[in-house]
Amino acid sequence: MKTIIESENAKRIDDLNADYDAVCEQLDRRGIDAAAIKERAKTFGVAVPSWGTGTGGTRFARFPGKGEPRDIFDKLDDCGVIHTLTQATPKVSLHIPWDKADPKAMLEKAGEYGLGFDAMNSNTFQDQPDQEHSYKFGSLSHNDAATRQQAVDHNIECIEIGQAIGSNALTVWIGDGSNFPGQTHMGRQFDRYMASMQDIYGALPDDWQLFSEHKMYEPAFYSTVVQDWGTSLMIAQELGDKAKCLVDLGHHAPNVNIEMIVSRLIRAGKLGGFHFNDSKYGDDDLDSGTIDPYRMFLVWNELVDAESPDLNLSHMIDQSHNVTDPIESLMISAMEIQRAFVQASLVDRDVLTGYQNDNDALMASATLRQAFRTDVEPILQMARLETGGAIDPIMTYRQSGYRAQVASIRPKVSGAGGGIV
Ligand code: LRH
Ligand code: MN
Ligand code: MN
């Protein structure tokens with residue numbers, strides 16, 4: 001990959017130098033040091049979800065692509081390619097039990113690419129073949145104590161696996177809820193959930209964090225136990241200092257002001273992490289920045305505004321790639337998230353505060369839009385070039401022939417049966 005990056009970069013370096021000089025000049029006129037912004041771009045990192053490297057699916061069908069990863073080691077190879085080309089995805093977020101494997105071997109494989117591990121994700125929203133109690137009617141909030149215990153034990157196992165590979169956070173998202181009014185007692189169901197979470201929290205190492213991820217609906221369509229940020233905040237506050245809220249951009253009603261939720265959670269000292277994606281209708285899990293890039297910019301505007309050593313967030317992608325090569329989608333998404341971060345870094349916060357204090361709504365909003373409209377692409381490209389990545393990761397990846405290469409060693413997967421054909 002290194003050789004192909006060098007030869008592809010060589011083709012583009014002259015154009016990049018010209019474009020970079022132009023943006024430096026433009027930003028200089030605005031009193032912004034482009035080189036400092038470029039250095040900031042280099043500090044950016046977003047974790048890739050291991051599950052995002054395989055072709056996703058809908059509840060109707062899955063149409064697998066060529067060279068689908070067979071296991072966590074293939075997934076880590078794919079994550080390695082994404083990071084090598086973009087220099088923006090230094091960590092991987094694992095999902096247990098899908099990614100269960102020998103921790104030492106996982107560390108070794110990740111080490112080949114300089115990758116680390118971000119938050120662990122537990123899974124009590126589907127049954128596993130060898131599992132004793134079913135999650136059909138819930139997991140951590142189930143009315144049966146043995147089922148709850150099984151779900152708690154699974155989460156504790158996720159912590160143990162995470163400890164062995166250097167992770168320091170556990171994200172808990174559950175599908176528990178109800179499909180019909182009257183099906184469950186909402187208060188008692190939440191009490192049971194809290195008791196289970198307390199058990200998990202009790203098993204958390206001192207330097208770990210526990211993220212609760214809210215989602216408005218799906219798979220439960222009438223009520224969901226952790227349905228919104230209010231509930232998530234309640235959970236984090238009741239559990240203790242190591243508990244925080246995780247915001248998945250797709251887990252809200254359309255038009256909800258997510259940037260304001262971000263601001264509130266930061267104020268409460270309870271924002272822990274993000275799942276980036278984009279959506280038009282619901283939890284669409286589309287590629288970041290493809291539907292509403294301004295919304296993502298506004299979220300980053302809050303994050304950059306609140307930046308401090310105490311605000312140490314886990315940034316992760318959570319997407320499902322149904323019609324694209326997942327590696328390409330993940331690369332382009334990481335770059336779009338990085339773009340929003342860099343654009344938000346261009347906002348002159350003193351100037352903005354001045355307009356806000358003067359009630360100059362027009363100039364305040366224009367200040368944000370000026371940053372959003374700035375084409376920072378040459379800055380991102382230069383940051384990648386200087387850190388050994390590709391000026392154009394997508395075209396370089398296509399030139400590398402990686403997909404065809406892995407397709408020749410990874411067996412073809414059938415969409416119909418879900419298995420290897
Ligand atoms: C379901 C979901 C959720 C979790 C992920 C593991 O909505 O996408 O966002 O983070 O599964
Ligand atoms: Mn998510
Ligand atoms: Mn989701």
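UniProt positions are given in the numbering used here, and annotations may be inferred rather than shown by experiment.

Q: What is the mean pLDDT of the protein in this predicted model?
A: The structure is a predicted model. Its predictor gives the complex an ipTM of 0.98 and a pTM of 0.97. At the residue level, 99% of the protein reaches a pLDDT of 70 or more, and the mean is 97.

Q: Which residues does the UniProt annotation "domain: Xylose isomerase-like TIM barrel" cover?
A: The annotation comes from an unreviewed UniProt entry. In the model, the annotated span is 36% helix and 15% strand, and its end C-alpha atoms lie 17 Å apart. The residues covered are 94-285.

Q: Which strands stand at the edges of the open sheet of six strands, and why is one side of each left without a neighbour?
A: The sheet has parallel pairing and the order β4-β5-β7-β9-β10-β11. A strand at the edge has a single partner strand, so one of its sides has no neighbour in the sheet. The two edge strands are β4 (120-121) and β11.

Q: Which residue is the bridge partner of S212 in β9?
A: Strand β7 (residues 209-213) and β9 run parallel and are joined by four bridges. One of the facing pairs puts E213 opposite L246. For S212, the bridge partner in β9 is C245.

Q: How many residues of strand β9 are buried?
A: Side chains in a regular strand alternate between the two faces of the sheet. In β9 (residues 243-248), A243, C245 and V247 point one way, while K244, L246 and D248 point the other way, and all are buried. The count of buried residues in β9 is therefore six of six, with burial meaning 20 or more other C-beta atoms within 10 Å.

Q: Which helix does the chain pass through in crossing from β9 to β10?
A: β9 and β10 pair in the parallel sense over four bridges, and D248 stands opposite H275 in β10. The β-α-β crossover between these strands is right-handed, and the helix it passes through is α8 (residues 258-267).

Q: Which helix lies between β10 and β11 in their β-α-β unit?
A: Strand β10 (residues 271-276) pairs with β11 in the parallel sense over four bridges, with G273 opposite S314. Both faces of β11 (residues 314-317) are covered, S314 and M316 being buried on one side and H315 and I317 on the other. The β-α-β unit is right-handed, and its helix is α9 (residues 293-305).

Q: Is F276 buried or exposed?
A: F276 is found in strand β10. Leaving aside neighbours within four places in sequence, its contacts include H315 and I317, along with S333 and I337. Because F276 has 27 C-beta neighbours inside 10 Å, it counts as buried.

Q: Which helix gives the largest share of the largest nonpolar core?
A: The core has 90 residues, and those with the most contacts inside it are I82, V92, L170, C245, A334 and I379. Its largest share, 10 residues, comes from helix α10 (residues 326-344).

Q: Which residues is I82 in contact with, leaving aside its neighbours within four places in sequence?
A: I82 is among the residues with the most contacts inside the largest nonpolar core, as is A334. Outside its sequence neighbours, I82 is in contact with V48, T89, I327, L330, M331 and A334.

Key:
Residues numbered from 1 in each chain as written. Chains lettered and ligands numbered in written order. Predicted model: local features only at pLDDT ≥ 70, side-chain atom pairs only at ≥ 80, totals over all residues. Core = buried A, V, L, I, M, F, W, Y, C linked by C-beta atoms within 7 Å. Buried ≥ 20, exposed ≤ 12 C-beta atoms within 10 Å, placed from the backbone. Contact = placed C-beta atoms within 7 Å. Pairing = 2+ DSSP bridges. Right-handed = clockwise from strand over helix to strand, strands pointing away. pLDDT = per-residue confidence, 0-100.
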